[in-house]
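Welcome, and thanks for taking a look at this one. Please have the viewer open, and we will go through strands, rings and a helix in turn.

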Amino acid sequence: MRGPADVDAATQAYLDQLTPEAKARSDAYFEGGYWLLLLDAAYGVAIALLLLGTGLSARMRDFAERVTRVRFLRSLLYAAEYFVAAAILSFPLSLYEGFIREHKYGLSNHTFAGWLGDEAKGLLVTLVLGSLAVAGIYRAIGRWPRTWSLWASIMAVAFICFFGAVAPVFISPLFNTYKPLPDSPLKAKIVSLARANGIPAQEVWQFDASKQTKRMSANVSGMFNTTRISLNDNLLNRGSPEEIQAVLGHEMGHYVLNHVYKFILEFGVLIVVFFAILRWAMEGMLRRYGTAWRVRDIADLAGLPLFVAIFSLLFFLATPITNSLVRAQEAEADMFGLNAARQPDGFARAALHLSEYRKMKPGPLEEFVFFDHPSGWNRIRRSMVWKAEHLHDPDLAEQRGSF
């Protein structure tokens, strides 16, 4: 076993591989995201006030009521109107965040036409699934006026489960082409690692993310019978076999440790609390401004912009909580991946790749508030600690010299 000084030296040796220019660029990109969190929240509130204050939301509701007398169909129609209006109003910010800024920092391969096409596909998915969710929630508000916040919470959690199950098979292929990874020694190791850890996936899928981004990624996604192992072509083309095994070991950790279900449980509790706060806040706002906005009551569809704005603000204020919940799961998956794939140097090198868009060494408070993954420094150091504790293992003989 090596001591703390050796671990720190090995960690620093990895960090020293970053040039000052690369570090400054990744720090600037990630820190700019802090301000975008605030801007997104403020922009969402501005859109809600615009739709409500100009009476546009009330006119959209009136149109839906003229088209059909069936309440559920009215909800679907109004929700579709709202999502289109919100997409149009938020387009300048979406363009900056998703296209201009990504190209500015050298992270995007997207053409403008390709980016616009993906945005349109995303809107279509929202129109279908989002409108159904809105219709279900407003059905609960109308049917159970005293307890609707609880029933709406249950519906929201059920919708998250449904989306998690169908996304890998029906939604992700709308944006990328998925095909089986060709047979190779690397694929054999990935499938063997999956079998050894009880993952019911007989195939490994690759997808063409390089047409959109330069980022490396992989996932074990889906629920129930839709579970699949996927990695993008950036990881295949830019990562070494050791890095790929380390990353896939991490992703398999999410499945084995039941992180999807824990995530649903943890965020389900937050959603119940948020809906209770939402009900109180909406009732107060509508008592004061409902007449001016032409919103009749809390069950009125015209109040949806206020509903969305308050819910979004609650998640914004809860950023340190939600990030900490996710970061804890990511740290658990990191450790699982190290133990399963046994590639500490591969995982450390993968963490360096992520430095292209994540700050490597934040302060403790900064990491607590803004990081939904452990920082690159933390990940590399934990990899070196693991390596120090396993230096005498026969299968790590090739990695000893780099410590």
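**Strand pairing and packing**

Strand 2 (residues 204-207) and strand 4 run parallel and are joined by 4 bridges. Keep in mind that this is a predicted model. The notes below begin with strand 4, then turn to aromatic rings and helix 12.

**Around strand 4**

- Strand 4 covers residues 228-232, and 5 of its 5 residues are buried.
- On the strand 2 side, Trp205 has Ser230 of strand 4 as its bridge partner.
- Strand 3 (residues 218-221) pairs with strand 4 over 4 bridges in the antiparallel sense, with Val220 opposite Ile229.
- These two strands, strand 3 and strand 4, make a hairpin with 6 residues between them. In its turn, Gly222 has a positive phi of about 95°.
- Which way do the side chains of strand 4 point? Arg228, Ser230 and Asn232 point one way, while Ile229 and Leu231 point the other way, and all are buried.
- This fits a general pattern: side chains in a regular strand alternate between the two faces of the sheet.

**Aromatic rings**

- The count of aromatic pairs comes to 21.
- Why is the pair of Phe30 and Tyr34 edge-to-face? The ring centres are 5.8 Å apart and the planes stand at 90°, so the pair is edge-to-face, given that planes over 60 degrees apart count as such.
- Phe30 and Tyr34 are 4 residues apart in helix 2 (residues 20-53), and are therefore separated by about one helical turn.
- In general, an α-helix has 3.6 residues a turn, so residues three or four places apart point the same way.
- Phe30 counts as buried because its relative accessible area is 16%, and Tyr34 is buried at 15%; the cut-off is under 20%.
- One aromatic cluster is formed by Tyr138, Trp148, Phe274, Phe275, Phe307, Phe311 and Phe315.

**Charges over rings**

- Arg228, one of the buried residues of strand 4, has its charged end over the ring of Tyr178, 5.6 Å from the ring centre.
- Arg215 lies over the face of Tyr357, and the distance to the ring centre is 4.2 Å.

**Helix 12**

- Helix 12 (residues 304-317) has 14 residues, so at 1.5 Å a residue it should span 20 Å; its end C-alpha atoms are 20 Å apart, which agrees.
- Its buried residues are Leu304, Pro305, Leu306, Phe307, Ala309, Ile310, Phe311 and Leu314. Phe307 and Phe311 also belong to the aromatic cluster.
- What do the buried residues of helix 12 pack against? Their partners are helix 2, helix 3 (56-67), helix 4 (71-89), helix 6 (112-143), helix 7 (148-175) and helix 11 (259-293).

How values were computed. Residues are numbered from 1 along each chain as its sequence is written. This is a predicted model: local features need pLDDT of at least 70, side-chain atom pairs count only at pLDDT 80 or more; totals for chains, interfaces and linings use all residues. Side-chain values use heavy atoms; hydrogens and water are left out. Buried means under 20% relative accessible area, exposed over 50%, partly exposed in between (1.4 Å probe, protein chains only). Two strands pair if DSSP finds at least two bridges between them. Rings of Phe, Tyr and Trp (its six-membered ring) pair if their centres lie within 6.5 Å; planes under 30 degrees apart count as stacked, over 60 as edge-to-face and the rest as tilted. A charge sits over a ring if NZ of Lys or CZ of Arg is within 6 Å of the ring centre and within 35 degrees of the ring normal. The expected span of a helix is 1.5 Å times one less than its number of residues. Contact means heavy atoms within 4.5 Å.
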